[in-house]
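Visitor: Before we look at the model together, I would like to ask, for each term you use, what it rests on.

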Amino acid sequence: MANLTIRRSVFGLCAAALVAPAIAQQQDSPAALEEIVVTSSKRESTLQQIPIAVSVVQAADLKESQVQDVKDLQFLVPSLRVTQLQTSGNTNFLIRGFGNGANNAGIEPSVGVFIDGVYRSRSASALNDFPNLERIEVLRGPQSTLFGKNASAGVISVVTAKPSMDSVTGSAAVTAGSYGQTIVSGDISGPITDTIGFGLSGSHNQRNGYYDNLAFNGADSLGEVNRFGVRGQLLFVPSDELELRLIADYEELDEACCGVANLQNGPTGAIIRAIGGDLVPEEPFAYEGFYDFTPVNQFDNGGISLQIDYDVNDSMTFTSITSSRALNRFDNADVDFTSAALIDSAQGNLTDTEIDTFTQELRLSGSNNNLDWMVGGFFFDEEVKQDSGLIYGPAFRLYGDLLTTALGGGIPGVDPSPLTDFENGLIGIQTLGLLPTDFPTITPGTFFAAGTGLTEAATMDNQSFSLFAQVDIALGDRAVLTLGANYTEDEKDVTFDSTSTDVFSATDLAFAGGRLIYAQAFQEALLGGADPVTADAIASGAEAALAGVPCTAATAPNCNPVLALTPLQFLPPNVDYPNSVEPGTSNDDDTTWTVRLAYDLSDQVNVYGSAATGFKASSWNLSRDSRPFPEDQAALENAGLTVPNLTYSTRFAAPEESTVLELGMKARWDTVALNVAIFDQEIDNFQSNTFVGTGFVLLNAGKQSTSGVEFDVRWVPTDNFEGTLAATFMDPKYDSFETAACVPPPGSASANFTCDLSGETPAGIHKQSITTTGRYNFMIGNVAAFVRAEYIYEDKIQVIDNVPADVASREVQTFNASVGMSWENGFEALLWGRNLFDDKYLVSAFPSVAQNGSYSGYPNQPQSYGLTVRKFFD
């Protein structure tokens, strides 16, 4: 009842604000567009002057839209999509449909994130609750010329306000919202001396979850928020030529993320319930499920940076940006997303990651006659340590027993014995000495015993440097030719050590089944009157003939029924590296470039054409899914390094290279600004990382491309109203992807199925994305007020390639709104609502973990609303 009352109040106040202009008895006055400053090219310019496809979100828009961190930006920038999966830190950025990263510490993103000029190498380190923002710039398309590696799809640049040097200013704010949300934040800034200013800000954001865990009667909900951060700045301006900006920040997060829904309840659903577990079948937007333990997402992230700007003379500026950062993450998730204790609650699917990063950028820029130029270098040094593992829980043994029948059933003449019978058979022949001495000792309960599994320890040392240069050459009064180049080298040294205690996954089923065939044939021969020598010959022949023959309707009963258990070998052992075959290193280098010609058609309209390339270095798989390349199999066997049931896939994905051709227009009149970009973009060797039911497959797609048009319009017909319309229309395509993860055919024993998607449309990329906003400000007496509305539309698409479209599709139609009032005494109130009409869609989807035939997905966050009260002081 309380929530209903609050909801009615929200809609009531919104409605009141919409009619308020009519009763305010105020005449609209003529308007003029405000200039928007950007630094996308590492020079200060205006949005309408810079010939680059860039979207700018200003501080006022972020505040009024209640954008709290980077992932909310997608509602204001149509070309940007942000997904949060499995844990609070697994956030993935895509621009124009290109981007990857998030779920593996060895995979750096294709979209570079910079905060005050400092590169954030992992998405988790960019999830700040934004303090004192000036603007966020989203650069679309490859940006490697000026931003170096890992900007092959684009750049997100976050710019915060410098400390005040004039007077002490600040603010304090409190937010109360739905799901018990409470945000407390504050900032203060001002001069210490005539040449030193300071800034200090902090925030604490807490919200209960919106996804109920029915296993605990909803007591432990998922999707919660619990984070705080502090940030301090010192600005030193000893002279007109020199400025130093020192920034230190720290944040902590301790949350339970994220709610996962069952989309299709396959044959394993009945087994989950048979062993005492439960799930909510095929109700993706019930926002409730069953988990036998609450996920843990903890991370702390902090760093320090120093930017030095020195005017060498009237035409030359030197800039240095030095930073050191540390990110520590600990995650543990109930990855079967049921209340069956399939994995251990304490260490079931844990990942413990430490990332230490140092960066140094130096650049020199200047202007001479008709030439603006910039040269610079960037150095990157990072150490990654990751411990991870998957440990079975007490219910997995029984789950495997019941699943055995499902795997082998339906074949005439074959009795698919439960896992326990197979185990007992091995115990029997081991007692008879029919197994080699190095075969693991089998006792009752050995297979899938609670506490067994696979653990990994990985490290990665990454050093990279870039040299770059760019010139803008004025060709007369109206044309500018831009030429830029970047040379990057990237070296990674990786180690990987794994420990397997999963005896079943390490068992050679062809050999073990063959030994059981031998024992049965030997006994039958003896009972038939054969002497031991003859019985041995008969049994050996049966073993040799049948051990490698899977059971089908055509081969039964002359086959090895144990091979039907192969899909249950979820955690096969691995080969550690570096070793004599696999050095565990990658050394990449590339030269990227930019060519652009801009021309002012008039004082209001300029056009440009450009071509640019981008580069992303090799990405390493630091998880249990890292497997030797198939081409290394023979060498590993010759070196004696192989282990039973070793599978082959990839250790890393090779570098990806992007190219874009673009035609654009920037136009600005008194009350209207229009920006248009027509683009044709492609990425060769796109690094794809797809979950296939029991692990991730990291590999290179041959080529992915997209062509389309983007435009944004800003209209200010009066001083009281501002409207915006931004849209992206594109036609994405896999030009070549012969080993894509696809939807498996019905009856497949595994979700890991590959096919050729060349020529097909990639899933997860919207062809149409539209964002429109309207803001009306007015006076009610001496109170300044506004009402703002946002509408976001994205067309219907298949969510991911290896989940059927009829199971997981997405169409977005989201409405956000806010109403604000501010008083002359510095008080401000903001009533806001996000997803007010409770639009429901899937953020992503995947084959359910170790539950072949089932699919799971991440539903979006439901409707939320709240009230923010802020006091400014100076």
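**Strands, helices and cores**

Guide: In this predicted model, strand β6 (residues 111-115) and strand β9 (residues 154-160) run parallel and are joined by five bridges. One of the bridge pairs sets Val111 opposite its partner in β9, Gly154.

Visitor: What makes β6 and β9 a pair of strands?

Guide: Two strands pair if DSSP finds at least two bridges between them, and five bridges join β6 to β9, so the condition is met. Both strands belong to an open sheet of five strands in the order β3-β8-β9-β6-β7, with mixed pairing.

Visitor: Why are β3 and β7 called the edge strands of this sheet?

Guide: Each of them, β3 (54-58) and β7 (118-120), pairs on one side only. Neighbouring strands of this sheet are turned against each other by 20° on average, direction ignored.

Visitor: Why is one side of β16 and of β40 left without a neighbour in the sheet?

Guide: These strands belong to an open sheet of three, in the order β16-β41-β40, with antiparallel pairing. Because β16 (261-264) and β40 (842-847) stand at the edges and each has a single partner strand, one side of each has no neighbour in the sheet. The twist from one strand to the next averages 35°.

Visitor: How do you know that β16 pairs with β41?

Guide: The requirement is at least two bridges, and three bridges join β16 to strand β41 (residues 855-859), the two running antiparallel, so they count as paired. Among the residues concerned is Gln264, whose bridge partner in β41 is Tyr855.

Visitor: What joins β20 to the strands β19 and β21?

Guide: Strand β19 (residues 316-332) is joined to strand β20 (residues 350-368) by 17 bridges, the two running antiparallel, and Ile321 stands opposite Glu361 in β20. With strand β21 (residues 371-391), β20 pairs over 18 bridges in the antiparallel sense, and here Gln360 stands opposite Phe379 in β21. The hairpin of β20 and β21 has two residues between the strands, and in this hairpin Asn369 takes a positive phi near 55°.

Visitor: Why is the crossing of α7 and α8 described by both an angle and a distance?

Guide: Two packed helices are described by the angle between their axes and the distance between the axes. For helix α7 (residues 509-527) and helix α8 (residues 532-546), the axes come within 8 Å and cross at roughly 145°, and the crossing is right-handed. The residues that make the contact include Tyr518 and Phe522 of α7, and Ile538 and Ala542 of α8. By class, the residues of this contact divide into 12 nonpolar, two polar and three charged.

Visitor: What makes a group of residues a nonpolar core?

Guide: The members have to be buried nonpolar residues joined through side-chain atoms within 4.5 Å, and buried means under 20% relative accessible area. The largest such core has 66 residues, of which Leu342, Tyr399, Phe422, Leu426, Phe447, Phe504 and Leu565 touch the most other members. Elements giving two or more residues to this core include α5 (396-408), α6 (419-431) and α8, while α7 gives the largest share, six residues.

Visitor: Which residues does Phe504 contact beyond its neighbours within four places in sequence?

Guide: Beyond those neighbours, Phe504 is in contact with residues including Leu419, Phe422, Phe447, Leu565 and Gln569. A second, separate core of 33 residues includes Val57, Leu80, Ala701 and Phe737.

Terms used:
Residues numbered from 1 in each chain as written. Predicted model: local features only at pLDDT ≥ 70, side-chain atom pairs only at ≥ 80, totals over all residues. Heavy atoms only, no water. Axes fitted to C-alpha atoms, helices over the stretch in contact; angles between N-to-C directions. Helix = DSSP H or I, 4+ residues; strand = E, 2+ residues; numbered from the N terminus. Left-handed = near helix turned anticlockwise from the far one by under 90°. Contact = heavy atoms within 4.5 Å. Nonpolar A, V, L, I, M, F, W, Y, C, P; charged D, E, K, R; others polar. Buried < 20%, exposed > 50% of the residue type's maximum accessible area, 1.4 Å probe, protein only.
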